[in-house]
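Trainee: I am new to this structure and would like a close look at a single part of it, the packing of its interior. Please take me through that part slowly, with enough of the surroundings to place it.

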Amino acid sequence: MADETRTTSYSPEISKLISEGSKAYAVKNYDLAGEKYAEACEKYSETHDGQEDGDLLLLYGKALFQSGVSKSGILGGVKTNDANAVVEGGKGKGEKEGEEDAEAEEENQDNFQFYDAEPVEGEDGKTDDEDKVDTQEGNDGNEEEEEEEEQEEQEEQEEEAEESDFEMAWMILDVARGLFEGQLEKLQKPEFPTPYLAQNSNLKDNQYVTILTKLAETFDLLGEVSLESENFPQAAQDLQKSLDIRLQLYPTLSSLISESHYKLALALEFCVNDDDLRKQAAQHIQMAIKSLEERDAVEEDQEKKKNNAELLGELKDKYKDLLHDPQEEQLNMLKGLLTGSGALGALGGTAGVGAGPITSENTNGNSGSSSSRSSSGNSNVNNLNSLVRKRKPSKDKEGDVKKQKKI
């Protein structure tokens, strides 16, 4: 991660902003953290002839990314494309359907009013009391319509804010990437075998290794942003670069290596409906398994070994799932339905493990790109020992977007 303690080279004003941003980030107030880091970036640029600082940009990009994630519904309620978009655990499906039926009934009642002008008293055969009831029902219907419109507008604004955070995060992190790459070109590569940060390494304070570590994290975050934005080809490109750099830095048993293989597998799986990419995804899951097994072999903490065993089971099931041909499965389902045999089992589908259900419908192509890189150029990276959240878009017939966790 970027060195948040590096405040000695900054002015007192910038150091204070970094400290305030770090405190806000620690309590998950990512919007405030982003504001503080943005101000720090601005102050630095003003006092350095318009130049940017990669460390500050990395901090700012992290905060923007986390802000976008927090607004996407992954950490809170589950978003759907229904009018009442967010389910926060308060209402069940039956209640919601009952409310929709009631609203539809009230709308049907309103349809009996054919004229905008108020009827002359006595002409429609209604009493004053009946007219008042009709007027009240019409007002109630209008109020409900206004509430629905306001809710839809609010949801659209939240989605736009989420997309804006991801787009801005990608651009900021891409600038940081370019700065770190430029710094590496001016530094001498250590004359030591890789991985540089193997056990008992004395290269932790080496400037080249420090910048290389930040560049690996930047590529990892760029990949995360593209995954969230469902730009899977770009995600695969950046996550591959992050993995390549991390293999220069860390031994294969490192949790960062395991995680990089897993994230890259996700991106490759969702790029396109391509058997070759699916096989590559399976290979990276296999390498994640190998990495975790190596780490578990030297692990002494029994609780961690227990968690590793559970995670290994999920990764192995995921690997088997990726080896399975989804087109063949669909063909078997169709045959079962046509012959009338095995229909119930076919309709049940295959339960995905680890990252959720995997079907060929999910391997859609490049969708919703927030940005794309035209020229060269983590926050705290989640450890593979804990379950890492990740959205996996799969749209059902009603267009509802389902989200899943990642390992």
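Mentor: A residue is called buried when its relative accessible area is under 20% and exposed when that area is over 50%, with partly exposed lying in between. Please also keep in mind throughout that this is a predicted model. With that meaning of the word, Tyr25 and Tyr30 are both buried, and I shall come back to them once the frame around them is clear.

The protein chain holds 12 helices and 2 strands, and, read from the N terminus, its elements follow the order α-α-α-β-β-α-α-α-α-α-α-α-α-α. Of the 407 residues in the chain, 41% are buried, while the surface that the chain exposes comes to about 22600 Å², with carbon and sulfur atoms supplying 47% of it.

The largest nonpolar core has 47 residues, and among these Leu56 and Leu249 touch the most other members. Two or more residues of this core come from each of helix 1 (12-26), helix 2 (30-47), helix 3 (54-71), helix 5 (128-185), helix 6 (207-228), helix 7 (232-249) and helix 8 (255-271). Among these contributors it is helix 6 that gives the largest share, with 10 residues. A second core, separate from this one, has 24 residues, including Tyr262, Ala265, Leu277 and Leu322.

Leu249 is a good place to look more closely, and once residues up to four places away in sequence are set aside, the residues that Leu249 touches are Pro195, Tyr196, Leu197, Ala198, Val209, Leu212, Thr213 and Ala216. One of these partners, Pro195, lies in the loop between helix 5 and helix 6, and the peptide bond that leads into Pro195 from Thr194 is cis, with omega near 0°. The stretch around Leu249 also carries an annotation, for UniProt, in an unreviewed entry, lists residues 216-252 as "domain: Tetratricopeptide SHNi-TPR". In the model, those residues 216-252 are 84% helix and 0% strand, and the C-alpha atoms at the two ends of the stretch are 15 Å apart.

Aromatic rings are the next feature to follow, and a search of the whole structure finds 4 aromatic pairs. In one of them, the rings of Tyr25 and Tyr30 meet edge-to-face, with 5.2 Å from centre to centre and 70° between the planes. In another, Phe65 and Phe166 form a tilted pair, with centres 6.1 Å apart and planes at 45°. This second pair joins distant parts of the chain, since Phe65 belongs to helix 3 and Phe166 to helix 5, and the two residues are 101 residues apart. Phe65 and Phe166 are both buried as well.

Two cysteines can be placed by the cut-off given at the start. Cys41 counts as buried because its relative accessibility of 8% is under 20%, and Cys271 counts as buried because its value of 7% is also under 20%. As for links between cysteine sulfur atoms, the count of disulfides comes to 0.

For contrast, consider some positions that are not buried. Lys28 sits in the loop between helix 1 and helix 2, and Lys28 is exposed because its relative accessible area of 62% is over 50%. The backbone of Lys28 has a phi near 65°, a positive value in a residue other than glycine. Asp49, which is placed in the loop between helix 2 and helix 3, likewise has a positive phi, about 55°, although it is not a glycine. With a relative accessibility of 78%, over the 50% cut-off, Asp49 therefore counts as exposed.

Between these two classes stands Lys305, a residue of helix 10 (residues 302-323). Lys305 is partly exposed because its relative accessible area of 24% falls between 20% and 50%. Leaving out residues up to four places away in sequence, Lys305 touches Asp296 and Glu299. Arg295, for its part, is 10 residues from Lys305 in sequence and 9.4 Å from it in space, taken from C-alpha to C-alpha.

To return to the part you asked about, begin with Leu56 and Leu249, the members of the 47-residue core that touch the most others, and then follow helix 6, the source of 10 of its residues.

Key:
Residues are numbered from 1 along each chain as its sequence is written. This is a predicted model: local features need pLDDT of at least 70, side-chain atom pairs count only at pLDDT 80 or more; totals for chains, interfaces and linings use all residues. Side-chain values use heavy atoms; hydrogens and water are left out. UniProt positions are given in the numbering used here, feature names are shortened, and annotations may be inferred rather than shown by experiment. Helices (H or I, at least four residues) and strands (E, at least two) are DSSP runs, numbered from the N terminus. A disulfide is a pair of cysteine sulfur atoms within 2.5 Å. Buried means under 20% relative accessible area, exposed over 50%, partly exposed in between (1.4 Å probe, protein chains only). A nonpolar core is a set of buried Ala, Val, Leu, Ile, Met, Phe, Trp, Tyr and Cys residues joined through side-chain atoms within 4.5 Å. Contact means heavy atoms within 4.5 Å. Accessible areas come from the Shrake-Rupley method with a 1.4 Å probe; for residues, only the protein chains shown count as cover. Rings of Phe, Tyr and Trp (its six-membered ring) pair if their centres lie within 6.5 Å; planes under 30 degrees apart count as stacked, over 60 as edge-to-face and the rest as tilted.
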